[in-house]
Structure formats: structure tokens, C-alpha cells
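Please open the model in your viewer and keep the sequence panel beside it. The tour below moves from one selection to the next, saying at each stop what is there.

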Amino acid sequence: MERENMQAMEKHTKLLNDLNNFIEIKRLIADNVKTLDKISDDIDEQEREIERLEQLNTPTFQIKKMQDNHDIKASSYNLLLELHQHNLITLWKLSRYILKQFKHFSEDEIKEYKLNDIQNSIKEQSDKIKPKFIDLLKYDIKHIKD
């Protein structure tokens, strides 16, 4: 009986830890989206400023300096966007893993601990962020090399 209690406690603890990780990753992804939006706005603003300076016949070296800065921001944006895509795939994989954990709980346990809502929420979120097959393949290939 004690062994069963330990196993039950372990599966509850594992599920709770993974749910906490899921929530933390979602929070980080939301922060990244805000950062991506800000960088995107900065890039758009720089493009408008470069166009304005070109119309004013500003010296080439000044425009070149702004374009270099613009290129650095655009490159940073692209890297952050790629990282964001990887984070979404990681979150999706974690959601699939969490959903598999629910199979270790009986219907009575799911009812008793009110896990149904959590299970449905994770399933819904997983479906929303499910990556395209090609993106998942690229992710898996990249991580095989690492």
C-alpha cells in the first residue's frame, strides 16, 4: 500500500512540475512576442527614417551608418524569431508529454483531483501551437546535429 502511495505521489509531483514548466515557458514566449513586436516597430521606424534622410540628400556615410544599425536589428529579429519558433515547438512537445501523463491517472483520480479541466486546457493549447510538419522536421534535424 505504501509503495502505491509513493507511486501516486511521484506521478502527481511529475505532472505538477511539468505543468509549472509549461506555464513558465508560455510566460517566456509571451515576453519574447513583446520583444519581437518592439524590435519590429524599431526596424519599421528606422526604415522610415532612412527614407526620410535619403530624400533630404543626407550624406551617404550617415545613411550607411543607419542602414548598418538597421541590418543588425533585422538580423537580431530574425534570430529571435527562429528561437521563438523553437520555443513553440518545445512547448508543443511538452504539452504532448503532459497529455501522455494523464493516461497514468484513473478516471476516479481525474475526477477527484479535478484534472479534466487541466487536461482539456493543455489539449486545446497543444492543438493551437501544433507546428507544421516541415517545421517540426527542421527542428528535429537541427537537434540531431547538436
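Helices in this tour are DSSP runs of H or I with at least four residues, numbered from the N terminus. With that in mind, note that the model is a predicted one, and that N17, a residue to which the tour will return, has its place in helix α1.

**Colour by confidence**

Begin by colouring the chain by pLDDT, whose mean is 91, with 98% of the residues reaching 70 or more. Confidence is highest in α4, at a mean of 95, and lowest in helix α5, residues 133-145, at a mean of 81. As a general caution, predicted coordinates should not be read in detail where pLDDT is low.

**Select α1, residues 2-55**

Next select α1, which has 54 residues and spans 79 Å from its first C-alpha to its last, close to the 80 Å expected at 1.5 Å a residue. Show its buried side chains, which are L15, D18, L19, F22, I29, N32, L36, I39, I43, Q46, I50 and L53. When reading such a list, it helps to remember that an α-helix has 3.6 residues a turn, so residues three or four places apart point the same way. To see what covers the buried residues of α1, add α2 and α4 (116-129), which are among the elements that do so.

Is N17, in the same selection, buried or exposed? N17 falls in between and is partly exposed, because its relative accessible area is 42%, and buried would require under 20% while exposed would require over 50%. If you draw a distance from the C-alpha of N17 to that of D117, 100 residues apart along the chain, the viewer should give 17 Å.

**Move along α1 to L36**

L36 also has its place in helix α1, and it counts as buried because its relative accessible area is 6%. Leaving out residues up to four places away in sequence, L36 touches Y77, L80, L81 and H84. For one of these, L81, the C-alpha atom is separated from that of L36 by 7.2 Å, although the two residues are 45 apart along the chain.

**Step into the loop between α1 and α2**

Just after α1, select N57, which lies in the loop between α1 and α2 and takes a positive phi of about 55° although it is not a glycine. N57 counts as exposed because its relative accessibility is 69%.

T58 is found in the loop between α1 and α2 as well. T58, however, is buried, because its relative accessible area is 14%. Apart from neighbours within four places in sequence, T58 is in contact with L53 and I63.

**Show the largest nonpolar core**

Now display the largest nonpolar core, which has 14 residues, those with the most contacts inside it being L15, F22, I98, F102, L115 and I122. The elements that give two or more residues to this core are α1 and α2 (60-101), and its largest share, five residues, comes from α2.

Centre the view on F102. Which residues does F102 contact, leaving aside its neighbours within four places in sequence? They are L15, I110, L115, I118 and Q119.

F102 also takes part in the one aromatic pair counted in this model. Its partner is F105, and the pair is tilted, with 6.4 Å from centre to centre and 45° between the planes. Both F102 and F105 are buried. Add K11 to the selection, and you will find its charged end sitting over the ring of F105, 4.8 Å from the centre of that ring.

**Finish at α3 and the loop after it**

Select I110, which lies in helix α3 and counts as buried because its relative accessibility is 5%. Setting aside neighbours within four places in sequence, I110 is in contact with F102, F105, L115, N116 and Q119. By contrast, the C-alpha atoms of I110 and Q85, 25 residues apart along the chain, are separated by 32 Å.

The last stop is K114, in the loop between α3 (107-112) and α4. K114 has a positive phi of about 55° although it is not a glycine, and it counts as exposed because its relative accessibility is 65%.

Technical notes:
Residues are numbered from 1 along each chain as its sequence is written. Side-chain values use heavy atoms; hydrogens and water are left out. A nonpolar core is a set of buried Ala, Val, Leu, Ile, Met, Phe, Trp, Tyr and Cys residues joined through side-chain atoms within 4.5 Å. Buried means under 20% relative accessible area, exposed over 50%, partly exposed in between (1.4 Å probe, protein chains only). Contact means heavy atoms within 4.5 Å. Rings of Phe, Tyr and Trp (its six-membered ring) pair if their centres lie within 6.5 Å; planes under 30 degrees apart count as stacked, over 60 as edge-to-face and the rest as tilted. A charge sits over a ring if NZ of Lys or CZ of Arg is within 6 Å of the ring centre and within 35 degrees of the ring normal. The expected span of a helix is 1.5 Å times one less than its number of residues. pLDDT is the predictor's confidence in each residue, from 0 to 100.
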